[in-house]
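Subject: Structure handover

Hello,

Here is the structure you will be taking over. Please open it first, then read the notes underneath.

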Amino acid sequence: MAGAKLFLAAAVGAAVLLLAAGCGGGGGGGTTGAQTTTSTTTTTTTAATTTTTASGPAPSKAEYVSQMKVIGQSLSTSLNTLGAAKTAATAATALAKVQTDLRSAADKLAAITPPDAIKTQHGQLVKAVRDFADELDPVIKSLRAGTMTALASVPTLKGLTEIQTASNAISNKGYKIGG
């Protein structure tokens, strides 16, 4: 039993680190006055995923990286709570919060007008974060049913792989958004 918990903690930890790094978490970025957090109690579910990007001038490379790090840092907190969960019930609650925060992060990402050099990759990252959030539904359901081992599937979800791919593509173009 202890080995299974250790494996789950390691698996969730790996997913947490990958996601936070993909959106800029774990770095020593500062905050900007332009970053605000808006909370809404309305949940919107759509069959198709759409990616919208804010209009307006693209930020400089440094501004873009800074904005991404702020978003990543905001995700790190809820992701870390998931890693501390000891029971299926607490993991379900923590993962549901992560899911909400992922959707909020995707909205914040979509509100950024990316530099032209990474517009495609940024759009892929927005979609990947939304997809990953959606993929958590069955995991949360299993956790609520008492199946703690459901967490082991989190690092294998397609959306998480897509986050890594898009983040790497952005980094490979010189935008170091990861930790």
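The side chains of Asp 134 and Arg 103 form a salt bridge, with N and O 2.8 Å apart. This is a predicted model, so please read every value here as computed from it. The pair ties together distant parts of the chain. Asp 134 sits in helix H4, Arg 103 in helix H3, and 31 residues separate them. How accessible are the two partners? Asp 134 has 35% relative accessibility, so Asp 134 counts as partly exposed. Arg 103 is also partly exposed, because its relative accessible area is 28%.

How many salt bridges does the whole structure hold? A search finds six. Two others are worth a look.

- Lys 127 pairs with Asp 131, and their closest N and O atoms are 2.6 Å apart. The two lie four residues apart in helix H4, which means about one helical turn between them. In an α-helix there are 3.6 residues a turn, so residues three or four places apart point the same way. Lys 127 is partly exposed at 38% relative accessibility. Asp 131 is at 13%, so Asp 131 counts as buried; the cut-off for buried is under 20%.
- Asp 116 pairs with Lys 119, at 3.6 Å from N to O. Asp 116 is exposed, at 64% relative accessibility. Lys 119 is partly exposed, at 44%.

Now the overall layout. The protein chain has five helices and zero strands. Along the sequence the pattern reads α-α-α-α-α. The chain has 179 residues, and 42% of them count as buried. Contacts reach far along the sequence. Among those between residues at least 6 apart, 83% join residues at least 24 apart.

Next, the core. The largest nonpolar core has 43 residues. Which residues have the most contacts inside it? They are Leu 95, Leu 125, Leu 136 and Leu 143. Helix H2 (61-83), helix H3 (88-110), H4 and H5 each supply at least two residues of this core. H3 gives the largest share, with twelve residues.

Leu 143 is a good place to zoom in. Leaving out residues up to four places away in sequence, Leu 143 touches Ala 88, Ala 89, Ala 91, Ala 92 and Leu 95. Leu 143 also touches Met 148, Ala 150 and Leu 151.

Ala 150 turns up again in another pair. Pro 138 and Ala 150 are twelve residues apart in sequence, and their C-alpha atoms are 8.7 Å apart. Pro 138 is placed in helix H4, which covers residues 119-144. Is Pro 138 buried or exposed? Pro 138 counts as exposed, because its relative accessibility is 51% and exposed means over 50%.

On to helix H2. H2 has 23 residues and reaches 32 Å from its first C-alpha to its last. That is close to the 33 Å expected at 1.5 Å a residue. H2 also has a kink of about 25°, centred on Ser 76. Gln 67 is in H2 as well. At 17% relative accessibility, Gln 67 counts as buried. The C-alpha atoms of Gln 67 and Leu 109 are separated by 8.7 Å, although the two residues are 42 apart along the chain.

Last, helix H5, residues 158-172. Its 15 residues should span 21 Å at 1.5 Å a residue, and its end C-alpha atoms are indeed 21 Å apart. Which residues of H5 are buried? They are Gly 159, Leu 160, Ile 163, Ala 166, Ser 167, Ile 170 and Ser 171. Down the axis of H5, these buried residues fall within an arc of 135°, so they line one face of the helix. Lys 158, Thr 165 and Asn 172 are exposed on the other side of H5. Just after H5, Gly 174 takes a positive phi of about 95°.

If you have time for one view, start with the salt bridge of Asp 134 and Arg 103. Then go to Leu 143 and the residues it touches, Leu 95 among them.

Best wishes

Note on methods
Residues numbered from 1 in each chain as written. Predicted model: local features only at pLDDT ≥ 70, side-chain atom pairs only at ≥ 80, totals over all residues. Heavy atoms only, no water. Expected span 1.5 Å × (residues − 1). Buried < 20%, exposed > 50% of the residue type's maximum accessible area, 1.4 Å probe, protein only. Arc of directions from axis to C-beta. Core = buried A, V, L, I, M, F, W, Y, C linked by side-chain atoms within 4.5 Å. Contact = heavy atoms within 4.5 Å. Salt bridge = Lys/Arg side-chain N within 4 Å of Asp/Glu carboxyl O. Bend = angle between axes of the 7 residues up to and from the residue.
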